[in-house]
Structures are given as C-alpha cells and as structure tokens.
Amino acid sequence: MNILLTGTASDSHTWNLVYLQLFLEELGHRVHNLGPCVPEDLLACVCADRGPDLVVVSSVNGHGYRDGLGAVRALRGSGSTVPVVIGGKLGVAGEADPRQRARLLDAGADAVFDDGDAGRLRAYLGSVAAPPARAGSMAGDARAGAGVMAGAGARAGAGAGVGAGAGVGARAGAGAGVGAGAGVGAGVGGRAVA
Ligand code: B12
C-alpha cells in the first residue's frame, strides 16, 4: 500500500514517526512521511494530490484527540474517503478515552489505536484491501528530491538520499546515502532509492 504518514498540527515529536515509517516499510508498504507539525489543510491538500491508500496519523504530545479530530474533519471535509487511522499517546490521562475515541470514529476515522498498539495496526493493515505498492505510484512522488512538503524526508532516484534534522541516517538502495543537511525543519529521515 501507499501510506501517507503524518504528525498532527501541534505535535513536534519525530521519533514516533521514524518508528512508524520503518515499521510500515518493513511490512512492505511505501511510506510518504510528512513529518511533525502538519497543518490540517496541508494534510488534506497533500492527500488529494498524492492519493494514498491509507493515512496514518500519529500523535504523542497529549493533544492527539483534539488535533486528530481536526485532521480527520479536514480530510473528510475535503471529500476524501481514504481510510484514516490514528494512534499514539492521544491524551494526557495515560490511558485510552472511549468518548474521545468515539468522537474520532464519528468524524470519519476508520480506527483509533492506543500507545503500544503496533500489533493491532499490523492486523488492521492486513484487513485493508488495497493494491500492492507500485514503483512511483503515488502521484507526484518526489523522486528528484524536490518538491518536498513540510518536514518530510526527500527521496532521490539517483542514489543520494537526504535525511533531516532529527539526525536519522539515510538509507540508500544503491549503497550511498547522506545522513544530514538538506532536510526541511524537523523532518525525519529520508532514503534513497536506486
Ligand atoms: C523526546 C521527547 C520530547 C522531545 C521531542 C524531540 C523530537 N525530535 O522528537 C521534545 C523535548 C521536543 C519534547 C517536547 C514536548 N513533549 Co515530549 N517527550 C519526549 C519523550 C521523552 C520521548 C519520545 C520519543 O521519542 N519516544 C520514542 C518513540 C519511538 O516512541 P513514542 O513516541 O512513544 O511512540 C510510540 C507509541 O506512542 C506508538 N505510536 C505513536 N504513534 C502511533 C500511531 C499509531 C497508528 C500506532 C498504532 C502507534 C503509535 O508507537 C511508537 C513506538 O512504540 C517522551 C516520554 C517518553 N519516554 O515516551 C515525552 C512525551 C511524549 N512528551 C510529552 C510532553 C508533554 C511534551 C511537551 C508538551 C512538553 C512541554 N511542556 O513543552 C512538548 C510538546 C511539544 C510539541 N509541540 O509537541 C509527554 C506527552 C504526555 C502525554 N501524551 O500524555 C511525554 C509522554 C512525557 C511525559 N511522560 O509527560 N518531547
């Protein structure tokens, strides 16, 4: 599947996104990671542009229920019917809030996961019917390393991936990667593809 991964508008944490990107990629999915602090309208805009098979929203700063609701409403308000799931440390109570969870589902979220629910996310992915990932299939995939949206890692078709401020090493399919320098803001690691 082509998965659009995003942090929420107020959430500047990045390692949750790095973790999820690696987790999803290791399951065989193609991930476009928008990074942290993604405004709702930008998310809706990128979603319309790229046409992912699934949107995964991650938040750990405690504002996830509120921000996630805004993100889901923005997506559904834009007419998007793409499956959307959200998870992480969504509130500040340290445990899931069934009422807030219900609000997210009512707004159009397809699943709400708790902290530590990676296993449930994996099971969910197996239940989503979607075409297998195709090379370069997300419209506008930034294979020339340009046109990268807020905080996202860049991809380069020629083997030189650029990572970003979180200090994540780049992975290069062709054996050469560059770990720092050209990333935008607090984006997460990029990778190079041969
Ligand atoms: C590092 C850190 C920071 C760094 C972030 C740096 C960076 N570049 O990411 C800095 C210092 C910037 C920071 C700031 C803040 N932080 Co902070 N931070 C942490 C810390 C110590 C580690 C987070 C981390 O990197 N974890 C590693 C990653 C891999 O794991 P993870 O984030 O836990 O994500 C896992 C799960 O949540 C889950 N998951 C996440 N998303 C999703 C999505 C789905 C679909 C699924 C299935 C699972 C899932 O999977 C991940 C892997 O297991 C945590 C405490 C902790 N020990 O967790 C606090 C913590 C997240 N921060 C917290 C807070 C409150 C803040 C601030 C509000 C503090 C402040 N008053 O300024 C700000 C918020 C800034 C903002 N605008 O968002 C709280 C959140 C409280 C809550 N949710 O109940 C925490 C939990 C600390 C605490 N115990 O109070 N923080």
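## A bridge between two parts of the chain

Let's start with a pair of oppositely charged side chains: Asp110 and Arg76 form a salt bridge, and their closest N and O atoms are 3.1 Å apart. This pair joins distant parts of the chain, with the two positions 34 residues apart in numbering. Asp110 sits in the loop between helix H4 (98-107) and strand S5 (111-112), while Arg76 belongs to helix H3 (residues 64-77). Keep in mind as you look around that this is a predicted model.

How open are these two partners? Asp110 has a relative accessible area of 40%, so it counts as partly exposed. Arg76 is partly exposed as well, at 22% relative accessibility.

## Other salt bridges

How many salt bridges does the structure hold? There are four. One of them pairs Lys89 with Asp115, again with 3.1 Å between the closest N and O atoms. This bridge also links distant parts of the chain: Lys89 lies in the loop between S4 and H4, and Asp115 lies in the loop between S5 and helix H5 (118-127), 26 residues apart. Lys89 is partly exposed at 40% relative accessibility, and Asp115 is partly exposed at 48%.

Another salt bridge brings together the side chains of Asp117 and Arg120, at 2.7 Å from N to O. Is Asp117 buried or exposed? Its relative accessible area is 16%, so Asp117 is buried. Arg120, at 41% relative accessibility, is partly exposed.

## Around the ligand

Now turn to the ligand, which is surrounded by 25 residues. Ser10, His13, Ser58, Lys89 and Asp115 are the closest. You have already met two of these names, because Lys89 and Asp115 are also salt-bridge partners. The shell is a mixture of ten nonpolar, eleven polar and four charged residues.

Which elements help to build this shell? Helix H1 (15-26), strand S3 (54-59) and strand S4 (84-88) each supply at least two residues. H1 gives the most, with four.

## Contacts with the ligand

Try finding the cobalt atom of the ligand. Its only protein donor is His13, through NE2, at 2.2 Å. His13 is placed in the loop between strand S1 (2-7) and H1.

Some polar contacts are worth a look too. An N or O atom in the side chain of Asp115 is 2.5 Å from an oxygen atom of the ligand. Thr14 uses a backbone N or O atom, which lies 2.8 Å from a ligand oxygen. At Gly62, a polar backbone atom is 3.3 Å from a nitrogen atom of the ligand.

Notes: Residues numbered from 1 in each chain as written. Predicted model: local features only at pLDDT ≥ 70, side-chain atom pairs only at ≥ 80, totals over all residues. Heavy atoms only, no water. Near = heavy atom within 4 Å. Polar contact = N/O pair within 3.5 Å; in protein donor to acceptor, adjacent residues only side chain to side chain. Nonpolar A, V, L, I, M, F, W, Y, C, P; charged D, E, K, R; others polar. Donors = N, O, S within 2.8 Å, 3.2 Å for Na, K, Ca; no water. Buried < 20%, exposed > 50% of the residue type's maximum accessible area, 1.4 Å probe, protein only.
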